[in-house]
Amino acid sequence: MPEQIFQFLVTGITVGAIYALVGLGFALIYNASDVVNFAQGEFVMLGAMTAIALLGAGLPLVLAAIAATLLTALVGLLLERCAIEPARGASVVTTIIITIGAAIFLRGVASLLWGKNSLPFPAFSGNEPIHLGGATLLPQSLWVLGGAVLLVSLTRAFLNRTLLGKALLACSFNPVAAQLVGINVKVMLRLAYGLSAGLGAIAGILAAPITFSSYEAGIMLGLKGFSAAIVGGIGNPMGAVAGGLLLGVLEALGAGLISSGYKDAIAFVFVLMVLFFEPTGLFGHKVAERV
Amino acid sequence: MLKSGLLRIFLTTIFFAGVNLANAAEPIKIGTFLSITGPASFLGDPELKTLQMVVEDFNAKGGLNGRKIELVHYDTGGNAREALNFVKRLIRKDQVDVIVGGTTSGDTLAVMPEVEKAGISLISLAGAVEIIEPVRKWVFKVAHTDRMAAAKIFEDLKKRHLTKVALITGDGGFDKSGRAQILELAPEYGITLVADESYSNKDTDMTAPLTKIRATDAQAIINFGFGQAPAIVTKNIKQLGIDLPVYQSHGVASKTFIDLAGEAAEGVRLPAAALVVAEQLPDTDPQKPVLLAYKKEYEAKHGAVSTFGGHAYDGVMIAAEAIKRAGGTDKTQVRDEIEKTSGFIGTAGIFHMTPEDHMGLNLDAFKMVEIRDGGWKIVE
């Protein structure tokens, strides 16, 4: 039994790391505009699918991954330029609805481009499972975990240490004031969408050897990533990681010890409980609304 | 008086002749409702392409009974309520002569009462045995049932003297129906199920339920499902170092499964329609020419065949032959002729329908295949 629980934990951390990576992408756009981008899952899918297509076209794995990330970032930029920017001044809710529309559009384009089957992506360093005590995990899981740690540190450093990152944060706190002190809010928003899309793409590429990808892979991953982000406190990169890992471990333990049927229910009840008792998430900033 | 009488007769004749002319030119309407989008889209997509291909072929050769065939199709997105709406529309607005379709069992089961009420033949492409048991007057099906798949797997287990089996299934309709058949049939074959685990079809990791299976004394694992989930299960089994024979269902009898599961798929056995191993059949097999012809034509236009497209081929051909024999589109006659389908060589097997059996396939329609070197190998 202890051996089994150890395996559940390892499984949970692997799955959680994928959620964390996806959740991370929500942070940038939220930080820049208070908008939850529901097309984030589609960025994840686009990254993976583009990489698969490029690999199929004969590009080496590393190049395919880099090109796919850049292409997806470009899609993010275009999305902001063509769909979000024309609706400037619209309320946050309206913008969120636009992102939902964009998600459906991107899914449609993907299904036309690459068909409806799930597609495989080769693991970066083989499929030979690594034995850890009584548990096993795939080398790819280490890539995902490593990727999560690296990207989180980079995102955090970007937001807190660089002038650009601070400017981005300023746009969400008060766009008018930000504009007044000379920050180009428009450019900042484009940057946020481009970076988010790139982050999403990397998440998709790292996870694709484990999860495969298909035109609708973004729906579930996006939902779980969003849950991870709100559990941890949306906007906080570290929070997304903690939220993702917590969610993954809870799911695995729920599936293993109770029943696979209740796994998603357990995860979502947990999200509800967190929002009920800590509306800003476990690691969110406490907001004091000034009247 | 006489003159106007003649004129009236003449006009009446012209009028009826006109109607007859219009009638002769009126196309035969075949209606279909498929899951072209949604989770079962990889089934519905080849089905629609096949239907369009077959109808085009007929029309290129001058149609059926001298009449063109028109295909009226709707996309249900795998939503049973939509399926019902579309079937009502096919019957009332489009006034189709016969319906071929229902990609999923859920879609088909939802529309059966409507079809029975309207009195129009429905040839379903879905798997669940409930579609033809009990027999409904107007409902037929051409896809193998999940019970046949379960029986085929158990026969193979018996041959290998394996009696303790762990079952793992997803949460889809196909999975649940398959699970029910396995639980029901196991005692008949003297097989004990030592585990009965489940997962959600959208899961990306199934190691938790498989870890529980690893702790049992199972001698083989059966996974019943379709889509990407069985591929992940297969990979996870390998990852956990579980060294047991793995059986999958006919739901994954496509190249996609091998591509997804990669090396982990080696040695997996499953019951599959003859279509996937067409080239390996002996030349004496009467199905071989039919399979190769369909495969060649489909692959020339759309890429790799799947057994699901094959079901659409069987369905529309059975309907077309019945209409040919009936000499028209009278609904009752067409239904009676479909029921008399006997010795029709399709992609799924050789059909012998009877008033008691509205599918007409037996266990021989399935071949037990094993995945070796990234391809299929018949192992019976």
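# Exercises on a predicted two-chain model

The contact between the chains of this predicted model draws 27 residues from chain B and 27 residues from chain A.

**Exercise 1.** Determine which elements of chain B supply the side that touches chain A, and describe that side by residue class.

*Solution.* Begin with the elements. Those of chain B that each supply at least two residues are helix H2 (41-60), strand E7 (192-198), helix H7 (207-214), helix H8 (229-239) and helix H9 (255-261). Next, rank the contributions: H7(B) gives the most, with five residues. Finally, sort by class: the side of chain B that touches chain A has 12 polar, eight nonpolar and seven charged residues. For the confidence of the prediction, the complex carries an ipTM of 0.82 and a pTM of 0.80.

**Exercise 2.** Describe the packing of helix H9 and helix H10 of chain A.

*Solution.* Two packed helices are described by the angle between their axes and the distance between the axes. For helix H9 (residues 217-232) and helix H10 (residues 237-258) of chain A, the axes come within 7 Å and cross at roughly 115 degrees. The crossing of H9(A) and H10(A) is right-handed. Now list the residues that make the contact. H9(A) provides Lys224(A), Ser227(A), Ala228(A), Ala229(A), Val231(A) and Gly232(A). H10(A) provides Gly239(A), Ala240(A), Val241(A), Ala242(A), Gly243(A), Gly244(A), Leu246(A) and Leu247(A). By class, the residues of this contact divide into eight nonpolar, five polar and one charged.

**Exercise 3.** Set out the domains of chain B and analyse the contact between them.

*Solution.* The domain assignment gives domain 1 of chain B as 22-145 + 287-364 and domain 2 of chain B as 147-279 + 366-378. Taken over C-alpha atoms, the centres of the two domains are separated by 28 Å. Their contact takes 22 residues from domain 1 of chain B and 21 residues from domain 2 of chain B. On the domain 1 side, helix H4 (105-118), helix H10 (287-302) and helix H11 (307-326) of chain B each supply at least two residues. The largest share of that side, five residues, comes from H10(B). The side of domain 1 of chain B that touches domain 2 of chain B comprises nine nonpolar, 11 polar and two charged residues.

**Exercise 4.** Identify the buried residues of helix H12 (residues 331-339) of chain B and the elements against which they pack.

*Solution.* The buried residues of H12(B) are Val334(B), Arg335(B), Glu337(B), Ile338(B) and Glu339(B). They pack against strand E3 (98-100), strand E5 (139-141) and H11 of chain B.

**Exercise 5.** Locate Gln95(B), His161(B) and Pro134(B), and describe the backbone at each.

*Solution.* Gln95(B) lies in the loop between helix H3 (80-92) and E3 of chain B. Although not a glycine, Gln95(B) has a positive phi of about 50 degrees. Gln95(B) counts as exposed because it has 11 C-beta neighbours inside 10 Å, the limit being 12 or fewer. His161(B), in the loop between helix H5 (146-159) and strand E6 (164-169) of chain B, has a positive phi of about 55 degrees and is not a glycine either. His161(B) counts as exposed because it has 7 C-beta neighbours inside 10 Å. Pro134(B) is placed in the loop between strand E4 (122-124) and E5 of chain B. The peptide bond from Glu133(B) to Pro134(B) is cis, with omega near 0 degrees.

**Exercise 6.** Assess the confidence of the prediction along chain B.

*Solution.* Chain B averages a pLDDT of 89, and 93% of the residues score at least 70. Over residues 18-22 of chain B, pLDDT stays under 50, and the model has zero contacts beyond four places in sequence for them.

How values were computed:
Residues are numbered from 1 along each chain as its sequence is written. Chains are lettered from A and ligands numbered from 1 in the order in which they are written. This is a predicted model: local features need pLDDT of at least 70, side-chain atom pairs count only at pLDDT 80 or more; totals for chains, interfaces and linings use all residues. Two residues are in contact if their C-beta atoms, placed from the backbone, lie within 7 Å. Helices (H or I, at least four residues) and strands (E, at least two) are DSSP runs, numbered from the N terminus. Ala, Val, Leu, Ile, Met, Phe, Trp, Tyr, Cys and Pro count as nonpolar, Asp, Glu, Lys and Arg as charged, and the others, Gly among them, as polar. Axes are lines fitted to C-alpha atoms, for helices over the stretch in contact, and angles run from 0 to 180 degrees between N-to-C directions. A crossing is left-handed if the near helix is turned anticlockwise from the far one by less than a right angle, and right-handed if clockwise. pLDDT is the predictor's confidence in each residue, from 0 to 100. Domain bounds come from an automatic or database domain assignment. A residue is buried if 20 or more other C-beta atoms lie within 10 Å of its own, exposed if 12 or fewer, and partly exposed in between; C-beta atoms are placed from the backbone.
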